[in-house]
Amino acid sequence: MFRCGHQSRHVPRMIMVSGVPGVGKTTLMQKFVYDWVTGKLYQRFSFVFFFKFRELNRLEDKVTLETMILNQYPYLEGQLGNILQDPEKLLFIFDGLDESSHDDMDFRSSRLCSHYKQAELCGQIIVSLVRKSLLNGCSVLMTSRPTRLALIDCCNVFQRMVEIIGFFPEERQMYFENFFNNTKELAEKAFNYVRQNDTLYTFCYLPSYCWIICTVLSKSFQPTSSAQQVSLLPKTVTQLFAIFVANILSNHSLYQSDAQKLLRSIGWMAEYGVMNHKVIFDHRHLGSFQVNNKSKLLSSFLMESEEPVYYSFLHLTVQEFLSAFVHYADYTPVRLQKSLKEARSYSDGRGEIFLRFLCGLSDSSTRSILSGYLDGKAAMSSRDVITWVKNFLSEENKVVGSVDNKQRLLTTFFYLFETRNKALVLDTLKSYTIFDLSGIHLSALDCTVLGFILQACTSVEKLDLTECSINAEGLERLAPVLHNLQNLS
């Protein structure tokens, strides 16, 4: 990543790594540090400082760069002044820009600091490093979800943009073989099942989903498994996470009433976190949402740090799933409408996965996976969400040419895909005769979703995919449904 660019002829110092949730951004950064520590790569750096935005969010008051570093690396006290004298040998890694709650993260800001002892808000210090007013000559490596990057003029700030594209097909098979390393027969059985399911197979390009799929399949394909369990193999992301949570709960079946209370309390805490960009919680949050930290189930969903004690969900996507599920486990119409409105209002995309899960849970067969933990009014939640999807499409989504409208159309395809409701797709898209997605980069997963929509929606006559950069796997997903169209660009 730090090699000289062919066009610029310069070694890049400011690099942004982009990737969708679960594709392995944090793992890549950890591997980066590991390779540096073991002497395999990047030996041009004398010091690598690793920060996670989720932990930096706790720095609410003004701090100095010196305090930020010593807070993480206290053993450098007394040496730090000398270390910072040679910026060209320093690398700062900031993981998870999309998790940052710092409103001052404006990369075009003119308010910059120039000395490591100068006190500023944490976000301004990071921007100053990237903009080279602080420790000019140092290198910065940052990661983010694409939704947050869409709001930043990155090209003028970062000299290199890197996208993690996930596992290639042969790597997916390798992952299954490694996961089921004790049973070759089980590895083949699980992989063959996934290979025959286009949707599941596409999800496997994401390492974290690959792990969850393997975990779910390892339960379903055990010799003692019932036919009923095998029939619950996932077809959507929502179903995947529902089965994942159901498997956790099945290991604690003696505590079902405890589980219902816990799912509601951590669900509302998760939702608060999604809406307020919080992924780290302390005892005050647990108390505020009446989370029982003595529950035997808590460690199945939350990880606890050492001193100072704080909690975070197993993965941000697990937090996003639980934040949607709580609206079906503890239905309140006013609260649901407020959350729907709020999630759509955030331009940084923080509510996007939450909304997909909310739509996915509107499907009764998906909800049935966790039926024992639902509110008696869960069907009313489903009705409200479906009404919202219909209104959202009719009010906002008349597609005409602009990139925003194209992106919004693709977003709503994901909502509809998660519902698995072909009648809803037909009803809400019946006025569309043209889908214009030209110029939008379409991943294999996007193509899987688009394929589902085209299969259900017979009114579409023309599809414009000009300059969509679709790869071979994406074309495989689209090929079976293209015959429904009269015109294809």
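Glu320 is a good place to start: with a relative accessibility of 2%, this residue counts as buried, because buried means under 20%. In this predicted model, the side chain of Glu320 meets that of Arg145 in a salt bridge, with 3.0 Å from N to O. The two residues come from distant parts of the chain, 175 residues apart: Arg145 sits in the loop between strand 4 and helix 6 (146-149), while Glu320 belongs to helix 16 (residues 316-329). Arg145 is buried as well, at 8% relative accessible area. As a general point, side chains of opposite charge can pair when their charged atoms come close.

Now let us follow another pair of this kind. Glu473 and Arg172 form a salt bridge through their side chains, 2.8 Å from N to O. Glu473 is in helix 24 (residues 472-478) and Arg172 is in helix 7 (residues 169-179), so this salt bridge ties together parts that lie 301 residues apart in sequence. Glu473 is buried, with a relative accessible area of 12%, and Arg172 counts as buried at 3%. The pair also has company: salt bridges with shared partners join Arg172, Asp198, Glu473, Glu476 and Arg477 into one network.

For a contrast in surroundings, look at Arg108 and Asp106. Their side chains also meet in a salt bridge, at 3.8 Å from N to O. Here Arg108 counts as exposed, with 66% relative accessibility, and Asp106 is partly exposed at 35%. In total, the structure holds 19 salt bridges.

Next comes the sheet. You can trace 5 strands in the order 2-3-4-1-5, forming an open sheet with parallel pairing. At its edges are strand 2 (47-52) and strand 5 (160-163), each of which pairs on one side only. From one strand to the next, the twist averages 15°. In general, strands of a sheet pair through backbone hydrogen bonds, either parallel or antiparallel. To see one pairing in detail, find strand 1 (residues 14-18), which runs parallel to strand 5 and is joined to it by 4 bridges. Within this pairing, Ile15 has Arg160 in strand 5 as its bridge partner.

Helices pack against these strands. Helix 1 (residues 25-37) lies across strand 1, strand 2, strand 3 and strand 4 (139-144), and runs at about 160° to strand 2. Helix 5 (residues 122-130) also packs on the sheet, where it touches strand 1, strand 3 and strand 4. The direction of helix 5 makes about 120° with that of strand 4.

Further along the chain, another residue is worth a visit. Ser382 has its place in helix 20 (residues 378-396). Ser382 counts as buried, at 7% relative accessibility. Leaving aside residues up to four places away in sequence, Ser382 touches Tyr328, Ser362 and Arg367.

Finally, how confident is the predictor in what you see? The pLDDT averages 88 over the protein, and 94% of the residues score at least 70. Confidence is highest in strand 3 (residues 90-95), with a mean of 97, and lowest in helix 11 (residues 227-231), with a mean of 45. Over residues 225-231 the pLDDT is below 50, and this stretch has 5 contacts in the model beyond near neighbours in sequence.

Conventions. Residues numbered from 1 in each chain as written. Predicted model: local features only at pLDDT ≥ 70, side-chain atom pairs only at ≥ 80, totals over all residues. Heavy atoms only, no water. Buried < 20%, exposed > 50% of the residue type's maximum accessible area, 1.4 Å probe, protein only. Contact = heavy atoms within 4.5 Å. pLDDT = per-residue confidence, 0-100. Pairing = 2+ DSSP bridges. Axes fitted to C-alpha atoms, helices over the stretch in contact; angles between N-to-C directions. Salt bridge = Lys/Arg side-chain N within 4 Å of Asp/Glu carboxyl O.
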